[in-house]
Amino acid sequence: MAIDPIALTRKLVDIESTTYNEGRCGVFLDEYLRGLGYNVERQKVEQPGINGSSGERFNVYATMPGTSPVITLSTHFDTVPPYFESSEDDTYVYGRGSCDAKGILASQVCAAEKLHNGGVAVGLLYVVGEERDSAGAKVANQNGNGSRYLINGEPTENKLALATKGALRVELRASGKMAHSAYPELGDSAINKLVDVLHELQRTEYPADVEIGETTVNAGLISGGRAPNVIADAAEAHVLIRTIGDSREVKDIVEKVVAGRCDIKFALDLSAVRMKRMPGWETMVAKYATDISSLTNWGEPMLLGPGTIHVAHTPDERVLKSELLEAVEKYAELVSGLAKGL
């Protein structure tokens, strides 16, 4: 009996797996794929214990017995918080991860089943940690298992991506001197320094590309100070920059803007990636970063998946049922086409 990608999406969504808490979903995938006849390997990933998280974390790599696939379907099964369970109507499946990326995973499993029934071998690689630091992808990259093509899954509305932006996470920490706020001249405000730096970072010109677009800057987290009537002695901000090329140029710009006013830590650096065109495929450019830049040992990358990134990470996360069904055919078509060319 064919697997229902809609039902499988809901099963996956109903297992809470926000980043660092992916263990239960990993166990489900292991058992589910074994039940379909796969050999399954668990790739252990470190548990950092952030925000009280605990329990095992691991990637899942699955192949059918007697096969050595050179094409791999991959995505992640961690999600951003907050978790909320699945629901559906005639048009959509809703819930955290429905779009990013459990619906994608379900479509890939269904496509793999179709491919194996047609005599085409494909591997399945499902990783943890994509939403934070690509920790699972980095572990997986220690062994590419001979794969020559990696078809990664992210929400592209079933269009083939020509490129993905990179991600540079910058942590800025400013120091100052406390004083009574009635006498600011006796202190040195860390918040003022940090705000000035953030303002200049937003106004600065960054590299742009005709195809990929502009470099973008988002100050996503900011904290500091002691009280409204105290000059702040410490403040920090976490900034995410979406890069379109070599991050070194952007790092140089950041360092020039900061000019010693804050301590700088480049906490995450995922490269922008360009990918090839395929005849007959509708295309797009992903303005977000993916695990692809951390899976370099898994073959030439491609990016394809159901859903739109515009509802990922939102309270309205959802995926069209029609796109889930279409993605099964799209993945099967793409793998089959690549296999014929090998």
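Colleague: Let's start with one residue pair: which residue of strand 13 stands opposite N218?

Modeller: It's L240 that stands opposite N218 there. Keep in mind that this is a predicted model.

Colleague: What makes strand 12 and strand 13 a pair?

Modeller: Two strands pair if there are at least two bridges between them. Here eight bridges join strand 12 to strand 13 (residues 234-243), so they pass that test. The two run antiparallel.

Colleague: Where does that pair sit in the sheet?

Modeller: The sheet is an open one with four strands, ordered 12-13-9-14, and the pairing is antiparallel.

Colleague: Why are strand 12 and strand 14 called edge strands?

Modeller: Strand 12 (216-224) and strand 14 (263-270) each pair on one side only. As for the twist, it averages 15° from one strand to the next.

Colleague: Which strands does helix 5 lie across?

Modeller: Helix 5 (residues 190-203) lies across strand 9 (166-175), strand 12 and strand 13. Its direction is at about 150° to strand 9. Helix 6 (residues 247-258) packs on the sheet too, touching strand 9, strand 13 and strand 14. The angle between helix 6 and strand 14 is about 160°.

Colleague: What does the UniProt record say about residues 163-258?

Modeller: The unreviewed UniProt entry annotates that span as "domain: Peptidase M20 dimerisation". In the model, residues 163-258 are 27% helix and 36% strand, and their end C-alpha atoms lie 30 Å apart.

Colleague: Now D209: why is it called partly exposed?

Modeller: D209 has 22% relative accessibility. Buried would mean under 20% and exposed over 50%, so a value in between counts as partly exposed. You'll find D209 in strand 10 (residues 208-209).

Colleague: What makes the D209 side chain a polar partner of E211?

Modeller: A polar atom of the D209 side chain lies 2.8 Å from the backbone nitrogen of E211, and the cut-off is 3.5 Å. The D209 side chain also reaches the backbone nitrogen of I212, again at 2.8 Å. Farther along the sequence, beyond four places, D209 is in contact with I244 and R274. By contrast, D209 and V230 are 21 residues apart in sequence and 45 Å apart in space, C-alpha to C-alpha.

Colleague: How do you know whether S17 is buried or exposed?

Modeller: The relative accessible area of S17 is 0%, and buried means under 20%, so S17 is buried. S17 sits in the loop between helix 1 (5-13) and helix 2 (23-35).

Colleague: What does the side chain of S17 reach?

Modeller: It reaches the backbone oxygen of F77 at 2.7 Å. The S17 side chain also makes a polar contact with the side chain of K102 (2.8 Å). Beyond four places in sequence, the contacts of S17 include E22, C25, D78 and T79.

Colleague: How many disulfides are there?

Modeller: Zero. The sulfur of C99 has its nearest cysteine sulfur in C25, 16 Å away, while a disulfide needs the two sulfurs within 2.5 Å. C99 is therefore in no disulfide.

Colleague: And why is C110 not bonded to C25?

Modeller: The sulfur of C25 is the closest cysteine sulfur to that of C110, but at 15 Å it is too far for a bond.

Colleague: What makes C99 and C110 buried?

Modeller: C99 has a relative accessible area of 0% and C110 is at 7%. Both values fall under 20%, so both residues count as buried.

Conventions. Residues numbered from 1 in each chain as written. Predicted model: local features only at pLDDT ≥ 70, side-chain atom pairs only at ≥ 80, totals over all residues. Heavy atoms only, no water. Buried < 20%, exposed > 50% of the residue type's maximum accessible area, 1.4 Å probe, protein only. Polar contact = N/O pair within 3.5 Å; in protein donor to acceptor, adjacent residues only side chain to side chain. Contact = heavy atoms within 4.5 Å. UniProt positions renumbered as here; feature names shortened; annotations may be inferred. Axes fitted to C-alpha atoms, helices over the stretch in contact; angles between N-to-C directions.
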